[in-house]
Structure formats: C-alpha cells, structure tokens
Amino acid sequence: MSMMPTAPARQQQGAVLIISMIILLLLTILGVTSMQGTNLEERMAGNMRDRHVAFESAEATLAEAEAFLDTIAVTSAFRDNTAGLYDGTYLDLWKTVDWADATKYRSAANITTSHGVSTAPKYIIEYISEPSSTSESKTNLDNYGGTSAGGGVALFRITVRGTGGSDNSVVFLQTVYGVSGVTGSNNL
Amino acid sequence: MSFLHMQRPHKLFSGTTAALLVISSTQLAAGNLDIANNALEISTGVEPNIMLLADDSGSMDLGLVTTEARGELHLPEGSSSTSNAYKYTHPAPGATGDYPAPNRGSFGRDNVVPTQEFLAAEGIAAPQGGVWRAWNHNYNKIYYNPDVEYTPWEGQDVNGAKYTDVNVNNAPYNPYRPSDGGLDLTASISYDTDCKLTDCLNDDDLDGTITVTGFYPARYYTWTDTDADSVVDADDAHTLIEIRSSNFPKNRAGTRTDCGGNGDAASTTSCSYANEIQNFANWFSYFRKRDLTAKSAFSKVIEPTTSARIGFATINNNATNRIKAESMNVSINSGNKLALIDEIFSTIPNGSTPLRQNLRDVGRYFECVTGNIFGLSAESPAEDPEDPSTANNCPIFKAPAGSCQQNYTVLMTDGDWNGSSPSVNNTDGGTSNSDFDGGSFADTSSDTLADVAMHYYERDLHSGTGSLDNNVPTTARDRNLYRGSTDPFESMHQHMATYTIGFGVNGTLTANPTDANTAFSWPDPTDGAAEKIDDLRHAAWNGRGQFLSASDPGTLTSSLEDIFSEITAGTGAASSVAFNTQNLESGALVFRAFFDTNTNTGSLIAQDVSITGQISSSVRWNAAEELDSKTSASSDSREIITYDDLATTPAGIPFQWSDLNATQQGQLNTPVAGSTPPDPLGEERLEYLRGQSEKEAGKKPATNENFRDRPLVGGKLGDIVHSTPVFVGEPPFSNRDQAPFPITTADLYSAFEDSYRNRREMVYIGANDGMLHGFDANDGEEVFAYVPNIGFDQLSKLTDPNYNHRYFVDLSPAVNDVYANLGGGAKWNTVLVGGRGAGGPGFFALDITDPTELDTEAEAADKVLWEFTQADDSNLGTPITEPSIVMTNISSGGQRRWAAIFGNGYNSASTDGNAELFIVFLDGGVDGDWTDTGDYIKISTGNGKAQSADTTTPNSLGGVRSIDTDQDGSVDVVYAGDLQGNVYRFDLSATTTSSWNMQTLFTAKYGSDSGPVQPITNRPIVVKHPTEAGYLVIVGTGSYFTTDDISDTSIQSIYGLWDDFSAASDSISTNKVVSHDRLVEQSFTNQATTISGFTVRTLTNNTISQWGHTGGTVKKEGWVINLDVPPAGGTGVEFPGERAVRNFILRGGLLFVNTVIPKSSSACTVGPGGFELGFNPINGGSGSDIVFDLNNDGNFNESDNVSGADGDANIVTGIRFDESTPTDSSFIGNRKVTQTSDKSIRSVGTNTGNDNAVGRNSWRELDL
C-alpha cells in the first residue's frame, strides 16, 4: 500500500497556514511597531515643540526683564527680597524662591497663555553688584551723599522660568545684565 | 564781586555810615564782604494788596441756606413771598431790638421755623410743610452735618480770650461777644413764632403767635430720599435725632477727627455723646448763621496768611467795620492781623446789598482817588515797603515796588445786588480797551457789577502824575484772557483783579465762557435775582478772578483758601534735593528742604521715588509738622544738646537751662546781642528755642513775653536755606578693606558696615533756628538737635518780635566714615562736621555712628567731638561750602589720620587776610583744645588783603576738592580757588605735613591775562587728562552770597585747566602753569526757538589738537567758556553776571553744572534764573553725543536737537530755568534732578548711560 500523499499535503497546507500566520504576526508586529515609532516620533516632536515654546517664551521674557531693568533708577526695591526682586547678597535667596508662590516672582507681561504657553513665564531678578566706581569717582573724593561723580554700572542676574504648551516643559534661562546710572547704595 | 574791579567806592567802605545802613549789630570791618543775611535765590517780593469786601446785609443773619427764594424756608411750600418766609432754626432772645440782639430784630420775632412735632400735636397733617427740613443739612446747607467736624474760629473774642470749644450748657449766640448770652443745648425750651401754613391760619389756636414747646435744641433730622429724585421733598422719610446721651454712640465719617477718625471720609468712626454735643455746640456758636459761617471762613483763611497786605470793608461800607490793607504778621492774636480780624468779627449784618458802588469804591481805593471806600483824600503812592512809617492814603507802594504790586478784591455776598448805579457805563462792551474787553466780556447792559470790575481792570490805575511803570506780572488768568497782541504778555498796568463768591445763591449760568474772544450771552442783571448772581460770575470773568459758588461752610472756606493760595505765594527753596540711596522700609525717598521768608520757618519733606525714578507728588512726612507733636505751649519732648566750651573738659551738654554755663545763660538773657541790658528771660528764651510757644506775642492769655510769633502748624522748624539734607543709613563706602585702610579683621570697614547695616536711618540738616537737626528718615521724627556753641550769642535774636532774618546753621553737613580715636580708642566712626555757613565762622563735629545712642540728651552729650572757632584761629572766616572729610597720608599710631579740609572762609579776622587751606585732623580737637602741634595744619597761599584790589579785603579760599591721585583712598592733592581768581594745587601727597606745599595754577581773569579778576568760590572738579599726564581741573568763577552779588554783572567763566603735575616743568616752575592765550575758547549760542518748551543753548566744539605748555600757541593748556552769551540772533550779553556757582558733576563722560543768573534787588524783575549745562569736560565743547533728552521720549536723537537736525552745532548743551533759580543737581538714575527756588523740581534725562558693561554680559541655559 502506497503512502497517501495527503499527509504531506496536509502538512504542507499546515505550513502555509503557519507561515501565513507567522507572516501575519510579523506584519502585525511590524505594523504595531511602526505605529509605535510614529507615535513616539510624534510625541517626541510634540515635546520638542513644547520645549521650543518654553525656550522662546523664556527668551522673550529675558528681553522683557532687561527692558524693565533699563527703566529703573533706584535699587531699593531689590532690598526687600519680595515680588521677584532680590538682593544678591541675600543668602537664603534660593531657599526663598518659590515658583508656585505668586508673591515671589514676577510674571511676564508680554507672553501670556494666548501665545500658546500654559503659564506665563516667571522671572526673578537679583541685584548682584552695586554700581562700579568710575575713574572720576575714585579721583574726586566725596562725603556721604556726594554727587560729584557716579554713573557706574550695576549688575543684575535675571532668571527666567519659561513653560511650553504644558507645564511639563520647563526651560530656565539666566543672564547677567549691566545697567548704568542706577542709584545704588554705594556712594563711591 | 564788583568791588574787586570797580571804580566807585564800596558803599560799605564808608565807616560809620555803614553801621547805620546795615540792619545788623555787627559792624563790617573795612573791606569786608557784606555777606547777605537772606537767600539771594528768592527776592522777597512785593506783597499784593487784597481787599475783602464782605456782605453785611441783613440776610447774612439768616440761619438758613436753602434752594428757595433768598435761601429762606417758606410756608406754604413754594411761596416766595417775604411774608411767608422763615429765617432761623433756633430762637434767640432779645428779638425786639436790633443788634446786639442775637436774632435780627427787624426781621420780626416770628421767624423761627415751628417744629413738625409741635404742629403734628396740634393736629396739622403731614407733611406739615416739610418744616423738618430746616434742621436737615441736605436741605438747609448750613445746618449741622453730623459727618463734619466743627472747629472754633481762629483768633480771640472782644475780651481777648481765644476761641475754644464752647460750653455746651451755655453756648454763646455770638462767640465774639459772649456777653450777649448763650443757650443751654442740653435742655428743652419753648419759643414763640408764627405758623404760616394755610391749615394754621384756618385754625384759631394756631393763627397768630404760637408757642412751640418741647424744643430740644441739639437736634437734626436724617433724610431718606424716598422717591429717589435727589430732592429733599417735604414728604420724604426723615427721622429726628436729638443729641442726648441715650442716642449715642453713633458712627460718623472718618473726617470727624474729634472722635478719633482718620480723616478719610470713606471710613467711619464712633462718636460718643460727649463728642457729638460738643461738635453741635461748636456748630451752634460758630456756624449757626450765614454771618457766623462767613466769619469762620475768613478767620481760617487769614490765620495762616502772611505774604499779603489785607484790608476789609463791607458792602454797606459800615464805617465802624473797615480797615485799610496792611501787611500781615504771623499771629492772629496780635498786630495788623488782630486789627483786621477784629473788624471782621465785629461786623453786624444789617442793611441792603449795594455791591456795585462799593466795588467801585474799592477800585477807587486802589486808584488812590477820592470817593474811595475809606473816604480818604487822593494821594500818590509813597509807601516804602521797608519803612511802614511812610504809608499814606494810597495802598500802593512807591516805585519801584509799586510798579509790580498786584491788587485783588475778594467780594463775598449771599444775595443779588441793589443800590444805586456805579456810573461806569458799559465798560466791557468792547469800546474802552479792546485788549481787555469786548469778546466774551461784552454784554449789552450798563453799570453792572461786571462793568465795575472791568472798569478797574482794563485801565491803568496809576498813569499820569505820580505814575508807576507797568510791571505788574501777569497771572495765568491775565494771559489766558488777554485779547491784545503783546507776546509774551508778561507784565501789565496797575489794576484791580476781582474774585467773587456767591454764598448759598445760584445764577442761571453754570459755566464761564470758553475763551476770551468768542461772544457770550450774558443775561441782563436787571431781569431778576438769578441774573444778578450771573453778574457776579461776569464780574469775576471781567476782573480775571474766579467765581465760586459756596453753599455750605466747608466749600466757603475752601473757596476762600483757593483764592488766597492763588494770590499769595511766598516760599522758596535754595537747598538742593537729596536722595536716600539706600533701602528704607519701603523704597527710596527724596528729601527736600524749603524756607518761608514771611514766617522765617522751614520744612523738610520726604517724597517717595518710584523704581523708575518718578517722584511721587504726595508727601511721606513733613519734619516741621512732626516736630509739632513734640512741642506744646509749655513743654517739649525734644532731645536738644549743645556744647560747653568752658568746662575743664569741654563736652556736650543738654540744652537745658540748668546745664548751660554762665556765659551761655548770660547770652540768652540778652535780648538782642550786645545792645540791650540783660533781662531775666534767658530760661524763657531757651524754652522758646526748644519749641514751646506760650511766650509768643500772639499767645493768650497774656502770659507771654512778647517773643516772636511762629505759625501754629509747622512753625517750630526754622527756615532751611542753603543746607542740603544728608541721608545717613548703612555705611555706604566700598574699597575700604585694603591698606592704607585698617586691615586687621576686627578693624575692617566691612566689619563696621556689618555692625551698622541696620542702624537707624537718619537725615541731617542745618536750619536757621540755631540747630543742626537729625530726623528719622522713615517718619520724620526729630531724633536729636544740636545747638552749636559758636554763634550762641545770636540765639536770643530768634525770640525778638522784630527779628530780621539771619543765618545760624546754614552749612550743609559733611558726613563720612572715619577710622580714628575719637575718645573710645581707634575704630570706625561716622562723623558729621557742620558749620554756620553764612552765619559766621566756625565748625563743629558730632559722632553720629549710632543714632540710637542719641535718643536722650544725657547720652547725646557725649557725642559732641569738638568745635573749631575763630578764637582757635583768627584766619577762620565765614564758610559757604561744606568741608571735605578725607583720609590723609599722615600716619599716627600705625593708622592714617583723617581730616576735615576746608578753605579759611570769608571776612577772616587775621591781619594779613590770607587765603589759607585748613586741614583739621578729626582727632585733633577731641582733647578740648587745638593748641597741640599737629592738631591742624594751615597752608597759606600768601595772597591776602595786600593783594586785593582795594588792599583791605580779606582773601578767602573757596570750596575745596580733594583728589586721590593714586586711588588708594587717601587725599593726595587739593584744588581750590580764591576771591582773587587764583586756582591753587595743594600737594598733600607727602607723609609728613612739613612737606606739604602749594602751587598757583592759574589766575582767572575775563578775556586775557590782564582782564578783570574773576573770584572763585565754587568747588573745582577734576577729570583725568585723556592723553597726557595729570588732570584737567575745571573751575567756575563768580560768587553768590554777598548782597552785592545780586546786582553784579561782571562776566564769569568756566575753565578747564591742564595740571600736568610736573612741578619741575618749565611753566609750573614759573608758578603759573596756564595762561589765557593757551586756552581754547568755546562759546554758547542762545537759541530763539524752543524745544519741547525749553529755551536752550548750543555750544561750539572746537578741538584741542595739541597739548603743551611751550612752543606755538597752537599747543593748548585747556579751555574756557565765557558766560557772555549774546541774545538769540543779537549782540551784547543777554544775561550779564551769569555764573557757574553750583556743584560740578561728572557723569558718563559729561560735565554738568548749573549756572545762576543774578536777579536785581528790585523785586519787580522777573526772568530766567539760570541754565543747566552739560558738555564735554575734555575740550569744554559740545562733544558729539546728544546730552539731554529734551522731549522725554527715552531716546537721544536728533529730535532733541535744535531744528531737529544732526550735527554737533545742534546739540543742546544748556537748558534755561525760565523763572526760578536752580540749586545743586542730583542724579536719580540717569535723570538729572534739580530743585529750583520756586520749590519745583525739574528732572531731565541725560545721556550718561554709556559704558562697556551696560547690557547683557552673559547668557546661559540652566540644565535641569
């Protein structure tokens, strides 16, 4: 009795099925994987964008803070260590700064939620160096309150906390900014 | 300084005559400068004449001001008939005769409104004619308003008793005459009156006289606007409140400070029964009637007024109640002011309202013609403002003062005019003088009140014989309503300005015309009462005054105050502003000091400065007013100390009678120094100087010693003229931790700074009440005051009722942190060195390291370090600039000695009169004398009397500039100039004083080396030479402190002089380094066009291409700017005598200085007071960068230039002060801030923000 070829044929058919199944599985995996990759890339792109928004909002706010510094004439407000203006010699400064407490930072006026950020950027300014002595002020000696010469440069450090479309993207930028002619506590 | 090069003899050279001319006990030595005893910055001014023309018509007796006819209350409602009118809210006895009957008899006895409660009890149905409204302040505007605090009149009654809170059980009907009796406001009374309601007339019981019973006089009604029509209707809801203890306390507006309110109307305060009945009683006596309310307003406005000549007359021209215009003294209880207010208080309301002819008669009084309101004969102006005995019938001063004297009439009335015609025709119709009438002034009616006002406005009242020049300065109203072509319309003829106040009356008009030219439809005054009130408005329009409608006591007083403050202004400032550059409790402050020439008082105020440098208009504190809370009539809680120089160890002592030494007591016992035998009043004088007021002439009862009156409010602080406030907070210096400063850890400056970082923040200032004051910078409380022993003999003059102003502590305090042994071992101290300034020679030093130690007189006494007087060195004269406190190169005990450096001062007593530099070591006088070797060093210039133009004038070194050439913190060189124009370099770089020496650098003369000498008083400033060794020394010439200086027109200059420091070089060895022909001349050009309202000048920008002392004159040694600037487009000198006498400031590569243009002593001159200049200090030229931000847009561009064009020649380098004199400037940020003599502040942005480190220095992103 000869062997019926049916069994191999059945086997063959089974292999096809299995192979098909495997291929299907592979395709599925491939599809799922590629979908996952796309999702990931999309998510990454989203995060990148968010971070860019945060970065740019922080940059814009730096400009705003610097423009604010250009208008100031007296530094006494920085001695109070409140409302985002700090004395750079204040040792507990960074223990005090609380980005969740609106009384301890300044909010950007020009960048708001209508510009696509979830929260308006926040910033603080530290008064880190009193007006420098000028050659004239070192030469012409003065008493208390003397006004013979002045106009040196005072330095401030601005720290901006910008956020993107969600509050999860946070960018901190920091500049040191020089302002001339502010009236500091230094008479020399 | 004309004496230096003048031809005519100096008026004060003539020995004995001089003493007669000068109102000063110190006779000037021959040749001495006549140092002014008053601020040159503000001319004393000519006091304006103000005639008050007050209504004394019978209607002023009314106790009602309503919207009904004549302000009365009528029954039945709506009637306007006089027979249906009520006039009073409260009965008063004696209504059968005329005055002094408290209610006017001729009105009949039945004029008190019957009460609603009485009528209701008699069966008269509601609303009983709305009689309740008589006792409601919403309807009867002068009735008691429980939200208002009623205060007594100012002044005294006919018996000389001061007005006080009245007795509630016997509240006088007429406070001026208590003998007229009073009413017990706490008991019910009954009174007779009429009921004029139809219902009453129909009721036999109520027809004719009725007796209202159960009337509790302390009462008022509250009103509820039931129908919400904002009208107090008879049937609106209302509640009677009787002021009885059972009904109180009640809440009142916060303006009731008598119940502890905070002055804010929006808040409430709880008033007790005692508060309320007292307030009601004060209303009853002082405000119950129109007449009383008007008297209250007059007394409150006149009480503080001093800078005016005020007269009074009534519209019925009652001969017993009128007084000519006289100058006002301080106190309302004495002198002319008492005489004036007595006339006002004794006025009796009785008569009609003949406004027109009496306004005319006041005009005639100012015109000095017959028929005037005082019935005086015609005379020409003859009165000398300085000599009251020359007064005649004419209220106008003789020329020159009279030529700019202003005349005002303030007319107050409660009704429409009647009486006969003034016969002036229709003067405003446009035909008389179309520069002033026609246009909106014209109407078609003749002989109106407005015509009278115009008649005395548009004509020159003093032309023809005995005429006066037409120099009367125009007011803003004069200029705005001017129809002529003179431009600018700055002065005009003698005239009368008319202000009118309608009290409780309204016309048909509600607004003035909009401008002078557009025709306006004025109602015909003969049409009716309201149209006659419109005529009051028209009269004020024609008379360039103000029409004010006052319906209640508050607005009547404020209306009068508005008018008076518009007319009178007499305070000024010659002290510059000071900023606290450190943190106060909440931000930065600017401190400003003022003086009032009329009362010889001053003030120091603090205003907030915003973070952007804007100065708040509100005053944080006023030290003069804070001082009031420390003083009372017979006691004070001030801490005042002085110095006992006669003690074995001279030391500070309390300024108390028992602590003074015998000499000091004797000086206070001498009324006017040296001239009168002593009296025993020294202790009283001391109490007066401490601020106690009971011995002032105006204080009642008559326990006084006739001492000079001081204003009740803010009168205890003397005038502050030249002293500039100095803020002392946290030790402010840096770079003091390295040698030659102390370098041991405990002695480091930074350790000192740490210890005193939070010390009490203070402001120090000298005042001409004889004291240096220390005020708390946060609240203005006086922490302590120091009375220098130098000048102690002059203090008694302050109590003299005929006191003529003089200076006491006028020098700006100099403060620095010094390391020295001042008694408690060597340590860092904060030391203040002050002086008397123009008051005389001498300096004093205080240790102000820790102000909390100055809290009691006993402790503060230890803080006086020393005094340095003319007795210690006869070369000492009168200083006008503060010392420079510096570390020297001299060592003692391993540490450098600190010194106060100053020029010797003017009118020194030495025989040679040499100009000398004083270097006074701060530790030198701590032992009580100045006799030890090295206590102080003098360096003589060798130029004295012999070298002066007249060989008798003592020379003096002016302000000194200490220079640190090696930038180690110690003084190496001092520059200063003298009266003879010499500029000196004092070399203090050697470590032994014997090697210190002096070189003459330059002699300032106008134009050439042989020109007129230019005196130097201002402090020089130096800037490093840009290319060569040494410095450019910048000096300004001119002086501004003697009486001659205000009329001196010699040309002054600003110099930039190269001192190359090579003492051995060829030209310095000739002792005259700089010659005029080696100076590059720069010149200003005054511009015709203004920029953003500023009158400006430009400057040349000639370059200095080569520097050198020898060779061709192409080599230059500096620059000069002569202040002989011609008028725009013209020739000659526009402002001769302009001088750069204010502080030089170097900032951002620019040099700033303010100049002063002297104003002649004739008080009539108005004109520019100076310029603020800003230019390049290297060549004295304009430079190439724009200096000032004239249009205040924050940018420095061509729109800030002349013609809006680019180019050096268009850069604005000078801005004029159009009316007032500038003081020293300060910088707040990049804004240059200048206080001027009219108390205003000019702030201008400057282009001083150029520096490499400006802008963004670094950037980084923080990784999280």
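Two strands count as paired if DSSP finds at least two bridges between them, and the strands themselves (E, at least two residues), like the helices (H or I, at least four residues), are DSSP runs numbered from the N terminus. What we have here is a predicted model, in which local features need pLDDT of at least 70 and side-chain atom pairs count only at pLDDT 80 or more, while totals for chains, interfaces and linings use all residues. Residues are numbered from 1 along each chain as its sequence is written, chains are lettered from A and ligands numbered from 1 in the order in which they are written, and side-chain values use heavy atoms, with hydrogens and water left out.

Let me start with the sheet. In chain B, strand β1 (residues 49–54) and strand β12 (residues 309–314) pair in the parallel sense over 6 bridges, and within that pairing Ala54(B) stands opposite Thr314(B) of β12(B). Helix α5 (residues 290–302) of chain B packs on the sheet, where it touches β1, β14 (407–413) and β17 (496–503) of chain B, and its direction makes about 170° with that of β1(B); contact here means heavy atoms within 4.5 Å, and the angles, which run from 0 to 180 degrees between N-to-C directions, use lines fitted to C-alpha atoms, for helices over the stretch in contact.

Which strands make up this sheet, and in what order? There are 6 strands in the order β13-β12-β1-β14-β17-β18 of chain B, forming an open sheet with mixed pairing. At its edges stand β13 (323–327) and β18 (547–550) of chain B, each with a single partner strand, so one side of each has no neighbour in the sheet.

Now to the disulfides, meaning pairs of cysteine sulfur atoms within 2.5 Å, of which a search of the whole structure finds 3 over all chains. Cys195(B) and Cys200(B) form one of them, with their sulfur atoms 1.9 Å apart, and because the torsion about the S-S bond is about 60°, this disulfide is right-handed. Another joins Cys368(B) to Cys394(B), S to S 1.9 Å. Is Cys394(B) buried or exposed? At 1% relative accessibility Cys394(B) counts as buried, which by definition is under 20% relative accessible area, as against over 50% for exposed and in between for partly exposed (1.4 Å probe, protein chains only).

Finally, Ser910(B) lies in the loop between β35 (895–903) and β36 (916–921) of chain B, and Ser910(B) is buried, with a relative accessible area of 4%. Leaving aside neighbours within four places in sequence, Ser910(B) is in contact with Ser874(B), Asn875(B) and Lys945(B).
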